[in-house]
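Reader: I'd like to learn how to read a model like this one. Could we go through it together?

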Amino acid sequence: MGPLQIIFLLAAALVLGAAILVVTTRNLVHAALWLIVALFGVAVLYVLLNASFFAVVQIVIYIGAIAILFIFAVMLTRRIGAKDIGPQNNPNWWLAALLALLMLGGLATIFLSWPAFNTPLPPLSNQVDLIAALGKSLVTTYLLPFELASVLLVAALIGAIFVSWERK
Amino acid sequence: MTIETLIWLLPLPPLLAFALIVLFTNRWKALSHSIAVGAAFLSWLGSMVVVFRALGIEHFGAEGRVFESSVAWLPLGETSFRIGVLIDPLSAATLFFVAWTVLMIFVYSVGYHNFGQPQGDHDHAGLPPHGATVADEHGHTHKVPSIEPMYARFFAFIGLFAFGMYTLVVSDNLLTLFVGWEIMGLCSYLLIGFWYAKPSARDAAIKAFMTTRVGDVFMLLGVAYLYAMTGTLNFRAIFFNEEVLHRLATTPAVDGFLGLSAAGLIGLLLFIGTIGKSAQWPLHTWLPDAMEGPTPVSAMIHAATMVSAGVYMVIRMFPLLSAGWHEGAALTPPMLAMAVIGSITALFAATIAVAQNDVKRVLAYSTVSQLGYMVAALGIGAYIAAAFHLIMHAFFKALLFLGSGSIIHGMEHGVLHTDDLVDPQNMLNMGGLRRKMPLTFVTFLIGGLALAGFPFVTAGFWSKDEILADAFAHAPLVFVVLAVAAFLTAFYTARQITLTFLGQPRTASAQHAQESKWTMTLPLVVLAVFAVGAGWVGTPWKNLFHEFVGGTLLEHPEALPFSQALVPMVLSILISLSGLAAGWLVYRHYEAGQADPLAKALGVVHTWLKNKWYFDEIYHALFVRPSAWFSETFTYKWMDRGVIDGILHTVARLAFGIGPILRNYFDKPVVNEFIGDGSASVVQWFGRRLRLVQTGQVQFYMMTALVIAIGVLLAVIALP
Amino acid sequence: MQTIPLSWYLIFSAALFCIGLFGVLSRKNAVAILMSIELMLNAVNVNLLAFWRYRSPETVAGQAFAIMVFAVAAAEVAVGLALIISVYRRRKTIVADEIDLMKW
């Protein structure tokens, strides 16, 4: 069991545990905080995958923006004086759990039948600068998806403002 | 213009006259009769040219020495059916008398229909005119004959009729002959029923048409059979062709019908056409009733032309009828039929004529009888004699009929003048007319003597004598019958002349009778000339007629040697003179109101003869009543109203019944409720239950989608 | 040195995805549902990058795709939360089961 494997296992356990708590806690603020923890763990995994850029992006964007957004949303939609009483899950949660487990099982079965399931880690060539390559590709080969993504963000921005604009 | 073109044009002027009068000049009487008489004159002129040209040709009638011209009319594969004109000796002679008699009758009709007289007081189109009242300068009113209301129409019809007759005479094939035949049949219907408002005229017209139709059907069968056997209907090709005639004579008829040869069957069928058209027994009943028509009609149709057409046709057909016969051999079946029927008719009609009182009826039966003579003559093989008698008879019978018209006009004048309402046609009301109508008397006398066969000076003597001579030489039985008929002919002729002209007037009308105008008496004179003079071409010593007309046949028929003709001539002189004398003697003292002396002598036989041997009654019971029953009861009541209407009504009732059933038991419950409302309610039922899927809750939707997705996933994993 | 086989990453991302799925299906609060969706998206991203690293590390297609997923996830969260806030203002509730205007 190499050190990387141990790190992976710890990070994976952290993420999965935080995720389970996200979907089960009663207190929504707690759920958001546990979400932040899960996102952190995922960032660690990105580092393990040599996708260091993504790890940073994860932390900056997901945790720095999206998770904060979640907290704001929770605050804004909390009923004043309402306690988080009553169950937070639907009466049919057992069906949902069953389905999730089945999904997991299904996916696992598919993966297991795939011959390249246990591919070992191929070596990276140290000639290539990954981030530079990514940056260059975003403005040459993948220019169109890049621009489209930016248009999408603008649209989402305008949309979000418009949807939540309070008309007096 | 070649002679053939002229022959083509001969029938046209009367046709044009018909068309012009019908279409344009119907309102103008003078114009119409001028067109008609002018047309008859043109055709007469052309006919005379043709006849005189024909007389000038030596051996006219031999191969190549006829006037013929034909056109290809109906294409039939490789060949064509040709129609055209032919003038050979027979048709030249026929053309001669047709032209003269038609012209004379056209001229006569102008006077007969009282041209120039005022319109009647209450004359009606469709009824005979009955007088106009005129006032003279002193204010005396008296009635005079009035002009016929349908004046122009008459000339149109006789124009069409003349066209039919000319077509028949000039045609070179049986088909156009038949066309002319039928046109004349139609005109006979139109003209007999000219005064269509009279029920008796209408009935007579139908009777004439129907009776001749019976004959025509068989004739058409004969024509068709002849065409089927020979592939042609051209006269020269059949009757002037030894090989064709021989073949027809030796081939047996279809299915060996009655053991006849083809020629025999065809001949019999064609002869039946003549029986109808020339009013032979048993199809004679229409001719006397045809006297309902105006007298020019009786003269033309029933003396000179139409009935002559029947005899003309059998004379034409003689080579076919006698195919296989030669002088001295047994008669062929058609000839035997003609001899028998002709002689029966001659005697039968003569017996009826002696008991008739209507002046035209006597002449009608006389015509039937004389036609019987001609048919019988042909039956025993006396070809030339029959043709000769045909032509002579046309002249003197037309003369007699026109004369009777003049008599009737004179009597009518008397009737109108005296208001003595007697039948102007009944001879018992006449008498002494020789003083009142001298020209009519003389011409009528000439015609009557010709009919009776008065020796030497009349045409009738020579023609009748030739027939009797032939019969005496070849068929003694026929001679006896014809001789008795000749006696009776002379008797009733003398009876007629005596009752009408001799003695004293028996009624006031006869007292005031008047001679007719020149338009009526001129034709009488012309025809009288022919009645006297025409016979001289056929004397036994030098029979010019025989030589000329004999050229029509392939083998020039032999004339009877004069020695053989002597005895029959003496006999016929005796018969004719004794008959005339007997008639005069019996009737010369007849006075008004007396019974007919013959009735006293014959008793019940006279009644039998007067009622025409009850043939009309027999035919009525045998044919008319059953047909009337068939059409009124069987066809109309049972078939049409019962069966056909019954089917229709049943179908209608069925439809009416099925309709509500379908509506109530199928349309409403099944289509409306079950299918229509039912499908709607099923959809509604499903919808109400299926819409519960739409909960509006997003997680529920996702859950459902996932369930299905996992299901599919498991299936994909599990199954293969 | 022993490396992490691909299978670990794949199983991990499957598990994270299914947890997120459970959350989506069973949480009442709409914001909580969105959070679960974020978990699912992250699992997807991990999957993508794992495949990129292990199968074709020389190409950048995998990375580019992962960038797109990031951008889309961000945009989606923004709009989604705006919507939830808008709904909350109208109906005074963000319990998913009570937002059922599309009910029959």
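Reader: How many residues do chain A and chain C each bring to their contact?

Author: Contact here means heavy atoms within 4.5 Å. Chain A brings 84 residues and chain C brings 74 residues. Before we go on, a word on the ground rules. This is a predicted model, where local features need pLDDT of at least 70, side-chain atom pairs count only at pLDDT 80 or more, and totals for chains, interfaces and linings use all residues. Residues are numbered from 1 along each chain as its sequence is written, chains are lettered from A and ligands numbered from 1 in the order in which they are written, and side-chain values use heavy atoms, with hydrogens and water left out.

Reader: What area is buried between chain A and chain C?

Author: Buried area is the accessible area (1.4 Å probe) that two parts lose on being put together, summed over both. Here that comes to about 7300 Å², with carbon and sulfur atoms giving 76%. On chain A's side, A:Leu49, A:Tyr62 and A:Phe70 supply 9% of the area that chain A buries against chain C, more than any other three residues.

Reader: How many salt bridges are there between chain A and chain C?

Author: A salt bridge needs a side-chain nitrogen of Lys or Arg within 4 Å of a carboxyl oxygen of Asp or Glu. Between chain A and chain C the count is zero.

Reader: And which helix gives the largest share of chain A's side?

Author: Helices are DSSP runs (H or I, at least four residues), numbered from the N terminus. The largest share of the side of chain A that touches chain C is from α1(A), with 13 residues.

Reader: How many residues of chain B are in contact with chain C?

Author: Eleven residues of chain B meet 14 residues of chain C. Together these chains bury about 1100 Å², 62% of it on carbon and sulfur atoms. Salt bridges between chain B and chain C number zero.

Reader: Is B:Arg27 buried or exposed?

Author: Buried means under 20% relative accessible area, exposed over 50%, and partly exposed in between (1.4 Å probe, protein chains only). B:Arg27 counts as exposed because its relative accessibility is 67%. You'll find B:Arg27 in the loop between α2 (12-25) and α3 (29-56) of chain B.

Reader: What about α6(B): how many of its residues are buried?

Author: Of the 19 residues in α6(B), 14 are buried, so that helix is mostly covered.

Technical notes. Helices (H or I, at least four residues) and strands (E, at least two) are DSSP runs, numbered from the N terminus.
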